[in-house]
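Please look over the sequence and the model below before reading on, and keep both in view while you work through the points that follow.

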Amino acid sequence: MKLETAMRIRRTLLLGFVASAAMFLYSTLQYQSVWKLKIDDYAGGPSSGFKLFLANVFLATLSAFICAAAGTFLSKRYNLPGEGDPEGLPRLWRLYLSAGLIAMPLGYFMHDRIFLVGTAVHGWPSIIPDSFTGAGAQILHGVFFKEVVFRFGMLTLFAGLFRGNRNWWAVGGTAAFMAGMSMKELSFAGHAVGYDLITLSTFGWALIINAALGAVYIKKGLWPAMALRACIDIRYFIYLF
């Protein structure tokens, strides 16, 4: 086995493990505090609900390793920067922090406020974390699991689908997919998805944020996308004060 291939396998396993660990921490906390009653009711009982939870964790873990491998082995082939240069992050931290500060009020009014009010007024599950542990887990989940799976993996595969340096199509495809997935989150919370302001606002926020993260990934790489995600998601700590 060539040394370069061995190094790529090692990076794949490391990224897959870190992404899976972040996902498992977040999912366990959410299952205990938010998802359990919903999942148990959907599955037909606590025993079936727990099995369904474990099945979802297994599939998420599998997707983390598959996407880590896709990004590690295919990103350069599709004219993407791969992991990027982590040593260049200190030069960009002011830019990413500024972008995060700009995104905070946008995220609050387009997404977070909807769920905060829904929880307080309509009894929705508390998707927005209400503890430092929960906020930390949500940030780690976003930075490591979501960026590895949806940027490093999915966007890379989309770039292979849209050949010929048409990476912006891959950014748009990934953003549209994630915006569609946000409808599942909204429906799970208890809102009837339709052509209303809440649905359009939630969809729009997911589209904007994933397009921005995708743009950073195709230009700078995975580590800068992770850094930007961390600067955006830091708002979850601010909500606790």
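The briefing below takes up the largest pocket, then two of the helices, then the loops, and finally some individual helix residues.

The model shown here is a predicted one. Its largest pocket holds about 1500 Å³ of space, and 43 residues line that pocket. The bullet points give the details by topic.

**The largest pocket**

- Among the 43 residues that line the largest pocket, those lying nearest its centre are Trp35, His141, Met181, Lys184 and Glu185.
- When the lining of the largest pocket is sorted by class, 24 residues are nonpolar, 12 are polar and 7 are charged.
- Several helices contribute to this lining, with at least two residues each coming from H1 (3–43), H2 (46–74), H4 (132–161), H5 (167–189), H6 (197–220), H7 (222–233) and H8 (235–238).

**Helix H2**

- Helix H2 has 29 residues, which at 1.5 Å a residue should span 42 Å, and its end C-alpha atoms are 41 Å apart, so the expected and the computed length agree.
- The buried residues of H2 are Gly49, Phe53, Val57, Ala60, Ala64, Cys67, Ala68, Ala70, Gly71, Thr72 and Leu74, and these buried residues pack against H1 and H4.

**Helix H6 and its two ends**

- Helix H6 has 24 residues and reaches 34 Å from its first C-alpha to its last, which is close to the 34 Å expected at 1.5 Å a residue.
- At the N-terminal end of H6, Asp196 acts as a cap, with a side-chain oxygen that lies 3.1 Å from the backbone nitrogen of Ile198.
- Just after H6 comes Gly221, whose phi is positive, at about 115°.

**Residues in the loops**

- Ser75 has its place in the loop between H2 and helix H3 (89–122), and with a relative accessible area of 2% it counts as buried, because buried means under 20%.
- If its neighbours within four places in sequence are left aside, Ser75 is in contact with Ala70, Leu80, Gly82, Thr156 and Tyr217.
- Asn79 also lies in the loop between H2 and H3, but its relative accessible area is 49%, so Asn79 is partly exposed.
- The phi of Asn79 is near 60°, which is a positive value in a residue other than glycine.
- His191 is found in the loop between H5 and H6, and its relative accessible area of 16% falls under 20%, so His191 is buried.
- The side chains of His191 and Thr199 are joined by a polar contact of 3.5 Å.
- Not counting residues up to four places away in sequence, His191 touches Trp124, Leu186, Asp196, Ile198 and Thr199, and of these Asp196 is the residue that caps the N-terminal end of H6.

**Residues in helices H1 and H7**

- Arg11 lies in helix H1 and counts as partly exposed, at 32% relative accessibility.
- Although Arg11 and Ala69 are 58 residues apart in sequence, their C-alpha atoms are 8.5 Å apart in space.
- Arg11 touches Thr72 and Glu83 when residues up to four places away in sequence are not counted, and Thr72 is one of the buried residues of H2.
- Tyr31 is likewise found in helix H1, and it is buried, with a relative accessible area of 7%.
- With its neighbours within four places in sequence left aside, Tyr31 is in contact with Lys36, Ile39, Asp40, Gly49, Phe50 and Phe53, and Gly49 and Phe53 are among the buried residues of H2.
- Tyr31 and Leu97 are 66 residues apart along the chain, and a distance of 31 Å separates their C-alpha atoms.
- Asp233 has its place in helix H7, and at 5% relative accessibility Asp233 counts as buried.
- Asp233 and Ala135 are 98 residues apart in sequence, yet from C-alpha to C-alpha they are 8.8 Å apart in space.
- Apart from its neighbours within four places in sequence, Asp233 is in contact with Ile139 and Gly142.

Terms used. Residues numbered from 1 in each chain as written. Predicted model: local features only at pLDDT ≥ 70, side-chain atom pairs only at ≥ 80, totals over all residues. Heavy atoms only, no water. 1 Å grid on protein atoms, 1.4 Å probe; cavity = no way out; pocket = protein on both sides within 12 Å on 5 of 7 lines; lining within 4 Å. Points joined across faces, edges and corners; volume = space filled by probe spheres on them. Helix = DSSP H or I, 4+ residues; strand = E, 2+ residues; numbered from the N terminus. Nonpolar A, V, L, I, M, F, W, Y, C, P; charged D, E, K, R; others polar. Expected span 1.5 Å × (residues − 1). Polar contact = N/O pair within 3.5 Å; in protein donor to acceptor, adjacent residues only side chain to side chain. Buried < 20%, exposed > 50% of the residue type's maximum accessible area, 1.4 Å probe, protein only. Contact = heavy atoms within 4.5 Å.
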